[in-house]
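Please open the model in your viewer and keep the selection tool at hand. The tour goes from one selection to the next and says what is found at each stop.

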Amino acid sequence: MITSYIVQHWLDIFTTILGLVYIYLEYRASIALWFVGIIMPAMDVYLYYSHGLYGDAGMAVYYTFAGIYGYMMWKWGNKARHSQHGASAITHMPQRLYLPVTLIMFAAWAATYYILVTFTDSNVPMLDAFTNAVSFIGLWALARKYIEQWLFWIVVDIICTILYIYKGIPFKAGLYGLYVVIAILGWFKWKRMMLNQQNITLQE
């Protein structure tokens, strides 16, 4: 019985393990997170689609390609300030971006909702579209290494935990429940790292 359960949920289990590795690397602000961030969403495409989470499946495709973009931004992003290791530094998102980011998020939410309602049989189009819209912004903020990316993920992770329980993806639900806790810890971890980077810059 245990074997059949594992066989039934093997993809959920495996991507959950990858997700644990990913969030640990993100917490440490390690550039290696982007390698996992390419493999995991590529597998998530089928997992989400097979459970009727079409919006999440579409976002997983975006995540796969965004992993490549994120790696390049962290490695070679031409930010004004850089860490002592030559990689882009953690910063706050500029206030001038607040309004356009908010407008883009609502536009993405509306567009994704329309697609889900019109072209799929999703029974959770509102929440599925919302988590995808916020995730779109969150991944962009992560690629730019803005500390505010953790705030976006806290919102997404809470809602996704509920959605995945409802959709019968238990391991992924547990993973996202853990993500909520780690995202909160990650905010404070990145804040300390950002202050350390600023102190090093002042000393140079």
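What percentage of the chain is helix over residues 173-190, and how far apart are the end C-alpha atoms? In this predicted model, select residues 173-190, where the chain is 100% helix and 0% strand, with the end C-alpha atoms 25 Å apart. This stretch is one of those that the unreviewed UniProt entry annotates as "transmembrane region", and the list there also includes residues 57-76.

Select residues 57-76 next: here too the chain is 100% helix and 0% strand, and the end C-alpha atoms are 29 Å apart. Now show the side chains of Val 61, Phe 65, Ile 68, Tyr 69, Met 72 and Trp 76, which make a nonpolar surface patch of about 640 Å². Ile 68, one of these residues, has its place in helix 4, which spans residues 54-76, and with a relative accessible area of 42% it is partly exposed.

For the next stop, turn to the aromatic rings. A pair of aromatic rings is described by the distance of the centres and the angle of the planes. A search of the whole structure finds 15 aromatic pairs, and one to select is that of Trp 34 and Trp 74, which is edge-to-face, with 5.8 Å from centre to centre and 85 degrees between the planes. Because Trp 34 lies in helix 3 (residues 33-50) and Trp 74 in helix 4, the pair ties together parts that are 40 residues apart in sequence. Are these two rings buried or exposed? Trp 34 counts as buried at 1% relative accessibility, and Trp 74, also at 1%, counts as buried as well.

Stay with these helices and select Phe 35 and Tyr 71, whose ring centres are 5.3 Å apart and whose planes stand at 50 degrees, so the pair is tilted. This pair, too, links distant parts of the chain, with Phe 35 in helix 3 and Tyr 71 in helix 4, 36 residues apart. Phe 35 is partly exposed, its relative accessible area being 47%, and Tyr 71 also counts as partly exposed, at 23% relative accessibility.

Finally, return to Trp 74 and add Trp 34, Trp 150 and Trp 190 to the selection, since ring pairs link these four residues into a cluster. With Trp 74 still shown, select Lys 145 and look at its charged end, which sits over the ring of Trp 74, 4.3 Å from the ring centre.

Definitions and conventions: Residues are numbered from 1 along each chain as its sequence is written. This is a predicted model: local features need pLDDT of at least 70, side-chain atom pairs count only at pLDDT 80 or more; totals for chains, interfaces and linings use all residues. Side-chain values use heavy atoms; hydrogens and water are left out. Patches are made of residues with over 30% relative accessible area and no salt bridge: like charges are joined within 9 Å, nonpolar side chains (Val, Leu, Ile, Met, Phe, Trp, Tyr) within 5 Å. Accessible areas come from the Shrake-Rupley method with a 1.4 Å probe; for residues, only the protein chains shown count as cover. A salt bridge is a side-chain nitrogen of Lys or Arg within 4 Å of a carboxyl oxygen of Asp or Glu. Helices (H or I, at least four residues) and strands (E, at least two) are DSSP runs, numbered from the N terminus. Buried means under 20% relative accessible area, exposed over 50%, partly exposed in between (1.4 Å probe, protein chains only). Rings of Phe, Tyr and Trp (its six-membered ring) pair if their centres lie within 6.5 Å; planes under 30 degrees apart count as stacked, over 60 as edge-to-face and the rest as tilted. A charge sits over a ring if NZ of Lys or CZ of Arg is within 6 Å of the ring centre and within 35 degrees of the ring normal. UniProt positions are given in the numbering used here, feature names are shortened, and annotations may be inferred rather than shown by experiment.
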